[in-house]
Amino acid sequence: MNSIRGVRQPEDSSEWKIPPFWQKLNSFFLFPLQTEPLIYALVLSACSYGLMFGPIGIFAVGLGLLLAISRYGFKVSAFASRGITHSSDFRRDQEDADWKWLPWKFFGVLFVFGLFIGFLASRSLTLGVIANLLVALLIPATWMVLINTQRLSSAINPFELLATIFGIGKSYLLLCFFLFLLQQGAPMVLELLLTRAKPALVLPLVCFATIYFSWVMAAMIGYVMYQHHAALDIEPVQAPEGVTAVVADPRELEAKRRDAAIARLVQDNKMDEAVNQAREWQREDLESLADMRRYFRVLKLTDKADAMAELAQRFIPLLMVQQKASEALEAWVSCVKRKPDFQLLSAQVSYDLAQQAWRAGKPKYVLILAKHFEKRFAGQPQVPAMLELVVRAYKQGMGQPMQGVHVYMRMKQLFPEHASTKEVEWVLREELEKLGS
């Protein structure tokens with residue numbers, strides 16, 4: 001099936017027959033040898049010569065290499081978790097700006113785990129060994145949770161980690177086994193390089209080998225997330241090669257045919273024709289999610305921000321009705337990035353989307369959705385609940401409780417007896433006690 005790069009296919013991803021990751025091992029080992037990662041790895045390996053310039057070089061260049069390697073590794077896993085397994089399909093407009101902070105948050109997680117191991121080891125050597133084994137088992141889940149939520153607090157939350165592990169099931173233990181084998185194989189390769197390579201080439205070769213094994217593991221973890229995307233609440237963007245779908249409904253066959261036709265136009269760089277054809281199809285049935293999704297995705301590839309925003313006023317509510325809140329939030333983000341003043345016309349849809357943003361660990365999105373909400377939807381029953389969500393976003397998401405207090409004061413004046421106001425009083429109980437004392 002032809003696919004539009006960056007355009008999600010119309011079929012239900014829950015019906016995709018995704019090969020288990022152990023049947024795709026070759027693709028993981030070949031990923032670092034694809035053009036983009038290979039060039040990037042060679043550049044980083046050449047930069048490793050900077051480690052020879054004394055302590056400052058070791059610190060500055062070493063930290064830079066570590067960040068660059070881990071940042072690209074998170075990017076590889078994040079794309080793979082959505083079904084994008086080839087670097088040529090990576091698109092900047094699909095990247096999340098918050099991905100660049102994931103290495104720092106991962107280092108923070110490792111620091112917390114280190115304190116945990118050190119504390120138990122100080123009590124007993126046996127406890128220290130058990131803690132080491134436990135942390136090693138949790139590291140892949142930590143990586144996954146960071147990609148899914150982008151929150152440090154979630155990555156060290158044992159309930160979040162266990163939910164991820166149980167969501168994946170037995171495959172998680174098999175993943176850990178393969179990652180363990182890779183970790184054992186890396187030192188063997190490094191030892192071989194140290195004994196066989198010319199002295200002048202040892203440093204870049206060792207760096208390249210480290211990068212290679214790191215990105216193989218990142219690709220493998222991301223694919224496992226994709227394999228279990230339903231359990232992890234991930235909305236795939238496209239199906240990797242070799243994935244087939246169970247199709248019985250003629251409407252699905254027609255949707256595939258239309259998608260293939262648009263794909264050919266996009267690949268031939270006939271964007272105007274692709275947009276016009278996708279628009280005509282969605283006009284035939286204004287309630288067809290498949291036609292609307294296709295038109296929206298094609299508009300994302302153009303500079304037609306106004307048309308995309310106009311379509312989103314119908315597309316996002318339809319997604320929410322069909323309980324595709326994650327995709328609805330993704331569509332809203334796409335609109336806001338291209339049209340910063342974009343606002344939904346429905347109070348209920350705006351509130352429901354803000355709830356989804358909060359569940360996804362995106363407090364900034366909550367605040368954007370709530371901007372001018374009180375004025376735009378004055379008198380609507382969703383206003384107090386939205387203000388409550390704003391307070392939670394400020395205190396629990398952004399760490400700015402005093403901003404939440406200001407919102408509470410307004411709620412106290414406008415909705416003194418409302419349940420949301422009472423809930424906010426409990427959320428801000430510590431701040432209110434300090435102000436009252």
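Colleague: How many helices and strands does the protein chain have?
Modeller: You'll find 21 helices and two strands. Both are DSSP runs numbered from the N terminus: H or I over at least four residues for helices, E over at least two for strands. Keep in mind that this is a predicted model, where local features need pLDDT of at least 70, side-chain atom pairs count only at pLDDT 80 or more, and totals for chains, interfaces and linings use all residues. Residues are numbered from 1 along each chain as its sequence is written, and side-chain values use heavy atoms, with hydrogens and water left out.

Colleague: OK, what's the radius of gyration of the protein chain?
Modeller: It's 25 Å, which agrees with the value near 22 Å for a compact globule of 437 residues. That's taken over C-alpha atoms, and the globule rule is 2.2 Å times the number of residues to the power 0.38.

Colleague: And how many of the residues count as buried?
Modeller: 48% of the 437 do. Buried means under 20% relative accessible area, exposed over 50%, partly exposed in between (1.4 Å probe, protein chains only).

Colleague: Switching topic, where is Ser70?
Modeller: Ser70 sits in helix α3, residues 54-81.

Colleague: Is Ser70 buried or exposed there?
Modeller: Buried, because its relative accessibility is 11%.

Colleague: Which residues does Ser70 touch?
Modeller: Leaving out residues up to four places away in sequence, Ser70 touches Pro103, Phe107 and Trp143. A contact means heavy atoms within 4.5 Å.

Colleague: What does the side chain of Ser70 reach at 3.2 Å?
Modeller: That's the backbone oxygen of Leu67.

Methods. Polar contact = N/O pair within 3.5 Å; in protein donor to acceptor, adjacent residues only side chain to side chain.
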